[in-house]
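Visitor: Could you walk me through this one? I'd like to start with the inside and then move outwards.

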Amino acid sequence: NEARVWSDIVGLKDTDRVAQMTSMAFDNHISEVYGTMVQASTSVVVSDLMKRSGPELVGWLADKHVNIMVPVPSHLRSMVGPGVDVSAVALPHLRVLDVGGEA
């Protein structure tokens with residue numbers, strides 16, 4: 001049910017490309033993995049190395065045409081640095097940024 005509801009809320013379509021970044025140990029993975037399956041969207045697996053790359057992840061997401069991302073706040077902060085563009089210009093395909101988790 002959570003996957004179906006989440007995909008409806010964000011307006012997930014079969015043409016969407018969802019960044020799969022979260023470990024299966026965390027609940028965010030339900031949206032990334034099963035929400036993507038519900039709508040037959042594309043799951044774009046982000047390697048561990050790329051997850052730790054910080055600002056380089058911005059360009060990678062743009063190159064892969066990712067338009068939905070479900071990061072935790074600390075991961076989002078790691079992507080931002082001096083001179084790093086995280087605007088719609090740098091991430092032209094990103095339309096949903098669902099940030100949550102962490103206490």
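Guide: What follows goes through the cores, a pocket, a helix and two single residues of this predicted model.

Visitor: Okay, which residues in the largest nonpolar core touch the most other members?
Guide: That core holds 15 residues, and those touching the most other members are Ala19, Val46, Leu57, Trp60 and Leu61. Helix α4, which spans residues 56-63, supplies the largest share of this core, namely five residues.

Visitor: And what is Leu57 in contact with, sequence neighbours aside?
Guide: Once the residues within four places in sequence are left aside, Leu57 is in contact with Met21, Val46, Met50, His75 and Met79. There is also a second, separate core, made of seven residues, with Val10, Leu12, Val70 and Val96 among them.

Visitor: Val70 caught my eye. Where is Val70 placed, and is Val70 buried or exposed?
Guide: Val70 sits in the loop between β3 and α5 (73-79). Its relative accessible area is 3%, which is under the 20% cut-off, so Val70 counts as buried.

Visitor: What does Val70 touch, then?
Guide: Not counting residues up to four places away in sequence, Val70 touches Trp6, Thr22, Asn28, Glu32 and Asp98. Its C-alpha lies 9.6 Å from that of Gly101, although Val70 and Gly101 are 31 residues apart in sequence.

Visitor: Switching to pockets: what volume does the largest pocket have, and which residues line the largest pocket?
Guide: The volume is about 190 Å³. The lining consists of Met21, Thr22, Ser23, Phe26, Lys51, Val70, Pro71, Val72 and His75, so Val70 turns up again here, and by class the lining has five nonpolar, three polar and one charged residues.

Visitor: Now helix α1. Which residues of helix α1 are buried?
Guide: The buried residues of helix α1, which runs over residues 2-9, are Ala3, Trp6 and Ser7. Seen down the axis of α1, they fall within an arc of 100 degrees, so they line one face of the helix.

Visitor: What covers the buried residues of α1?
Guide: The cover includes α2 (28-38) and β3 (68-69). After α1 comes Gly11, whose phi is positive, near 70 degrees.

Visitor: Last one: where does Ile30 lie, and why is Ile30 classed as partly exposed?
Guide: Ile30 lies in helix α2. Ile30 is classed as partly exposed because its relative accessible area is 29%, between the 20% and 50% cut-offs. Leaving aside neighbours within four places in sequence, Ile30 is in contact with Glu2, Ala3 and Gly35, and Ala3 is one of the buried residues of α1.

Methods. Residues are numbered from 1 along each chain as its sequence is written. This is a predicted model: local features need pLDDT of at least 70, side-chain atom pairs count only at pLDDT 80 or more; totals for chains, interfaces and linings use all residues. Side-chain values use heavy atoms; hydrogens and water are left out. A nonpolar core is a set of buried Ala, Val, Leu, Ile, Met, Phe, Trp, Tyr and Cys residues joined through side-chain atoms within 4.5 Å. Buried means under 20% relative accessible area, exposed over 50%, partly exposed in between (1.4 Å probe, protein chains only). Helices (H or I, at least four residues) and strands (E, at least two) are DSSP runs, numbered from the N terminus. Contact means heavy atoms within 4.5 Å. On a 1 Å grid over the protein atoms alone, a cavity is a set of points where a 1.4 Å probe fits but cannot get out, and a pocket is an open set with protein on both sides within 12 Å along at least five of seven lines; lining residues have an atom within 4 Å of a point. Grid points are joined across faces, edges and corners, and a volume is the space filled by probe spheres set on the points. The arc is that of the directions from the helix axis to the C-beta atoms.
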